[in-house]
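The following note was prepared for a colleague who wishes to examine this model at the bench. The points are numbered for ease of reference.

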Amino acid sequence: MARNIEAKFAGADLTTVAERARLAGAVDSGVLVQKDTFFGSGQSRLKLREQAGQSGAQLIAYRRADERAARASDYLIYETADPVGLTAALGLALGAGIVVEKRRHLFLWRNTRIHLDRVAGLGDFVELETVLGDGRTDAQGVDEFLQVQSALELRRDDIVPAAYADLLAKQV
């Protein structure tokens, strides 16, 4: 199982954050258009991520606390060449839920993925994911996460503890 330290922030101006990311030395890795279909699940979240321009998809299971802080997330990613068939099977077995559509501008800084997200029906968010691995501890991940948060001038008070799907579900 993989692990990262993550949080998402509301209220930031994406153009300003992109400029701060560049000034901090983050690498602009382009824009991704993604569709996440969430499915009913027990102790974790389960989503199928489809990305424009790719024929396959990723099934992502993850577990994390919904806290207003940088928090650890454990996740597994399964690649599939048949997203239509997998969506049908999972929808039948677990029930398909909310669909999240977003435009994501990706920057990379060391082990941190900086996502500048424009989410349909919700607005703009910044999501940081500091990937652990190669013997890095949670404490080391949190330290890097906080460095990036500070460089981008993101406020802890702006952390959103819920997933995009949860925010969309509250609107229904």
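1. Glu 153 lies in the loop between α3 and β9 (159-160). In this predicted model, Glu 153 has a positive phi of about 60° although it is not a glycine. Most residues other than glycine have a negative phi. Glu 153 counts as exposed because its relative accessibility is 52%, and the cut-off for that class is over 50%.

2. A second residue that merits attention on the same grounds is Asp 134, in the loop between β8 and α3 (138-151). Asp 134 is not a glycine, yet its phi is positive, at about 55°. The relative accessibility of Asp 134 is 80%, so this residue is classed as exposed.

3. Two hairpin turns also contain residues with positive phi. The hairpin of β6 and β7 has 2 residues between the strands, and Arg 110 in this turn has a positive phi of about 50°. The hairpin of β3 and β4 has 5 residues between its strands, and there Gly 53 has a positive phi of about 90°.

4. The pairing of β3, β4 and β5 can be followed from strand to strand. β3 and β4 are antiparallel and share 6 bridges, with Leu 48 opposite Leu 59 in β4. β4 and β5 are likewise paired in the antiparallel sense, over 8 bridges. Leu 59 has Tyr 78 as its bridge partner in β5. The connection from β4 to β5 is a hairpin through 6 residues.

5. Strand β6 is paired with both β2 and β7. Its antiparallel pairing with β2 comprises 10 bridges, and Val 31 stands opposite His 105 in β6. The antiparallel pairing of β6 with β7 comprises 8 bridges. Trp 109 has Thr 112 in β7 as its bridge partner.

6. Is Lys 102, a residue of strand β6, buried or exposed? Lys 102 is buried, because its relative accessibility is 4% and the cut-off for burial is under 20%. The side chain of Lys 102 makes a polar contact of 2.7 Å with the side chain of Asp 36. Beyond four places in sequence, the residues touched by Lys 102 include Leu 32, Val 33, Gln 34, Arg 49, Asp 117 and Tyr 164.

7. Glu 6, in strand β1, is another charged residue that counts as buried, at 5% relative accessibility. A polar contact of 2.6 Å links the side chains of Glu 6 and Arg 64. When neighbours within four places in sequence are left aside, the contacts of Glu 6 include Arg 64, Arg 71, Ser 73, Leu 128, Glu 129 and Phe 145.

8. Leu 116 belongs to strand β7 and is buried, with a relative accessibility of 3%. Its contacts, apart from neighbours within four places in sequence, include Leu 14, Val 17 and Ala 18, together with Arg 103, Arg 104, His 105 and Phe 107. Phe 125 and Val 126 are also among the contacts of Leu 116. The C-alpha atoms of Leu 116 and Lys 102 are separated by 9.8 Å, and the two residues are 14 residues apart along the chain.

9. Gly 42 is located in the loop between β2 and β3. Gly 42 is exposed, with a relative accessible area of 72%. Gly 42 and Thr 130 are 88 residues apart along the chain, and their C-alpha atoms are separated by 25 Å.

10. The final point concerns the largest pocket, which has a volume of about 560 Å³. Its lining consists of 31 residues, and those nearest its centre are Lys 47, Arg 49, Ile 60, Arg 104 and Glu 129. By class, the lining comprises 10 nonpolar, 8 polar and 13 charged residues. Which strand gives the most to this lining? The strand is β4, with 5 residues. At least two residues of the lining come from each of β1 (2-10), β2 (27-39), β3 (45-51), β4 (57-64), β5 (71-80), β6 (96-109), β7 (112-119) and β8 (123-131). Two of the residues nearest the centre of the pocket, Arg 49 and Glu 129, also appear in the points above: Arg 49 is touched by Lys 102, and Glu 129 is in contact with Glu 6.

Key
Residues are numbered from 1 along each chain as its sequence is written. This is a predicted model: local features need pLDDT of at least 70, side-chain atom pairs count only at pLDDT 80 or more; totals for chains, interfaces and linings use all residues. Side-chain values use heavy atoms; hydrogens and water are left out. On a 1 Å grid over the protein atoms alone, a cavity is a set of points where a 1.4 Å probe fits but cannot get out, and a pocket is an open set with protein on both sides within 12 Å along at least five of seven lines; lining residues have an atom within 4 Å of a point. Grid points are joined across faces, edges and corners, and a volume is the space filled by probe spheres set on the points. Helices (H or I, at least four residues) and strands (E, at least two) are DSSP runs, numbered from the N terminus. Buried means under 20% relative accessible area, exposed over 50%, partly exposed in between (1.4 Å probe, protein chains only). A polar contact is a pair of N or O atoms within 3.5 Å; within protein, one must be able to donate a hydrogen and the other to accept it, and residues adjacent in sequence count only if both atoms are side-chain atoms. Contact means heavy atoms within 4.5 Å. Two strands pair if DSSP finds at least two bridges between them.
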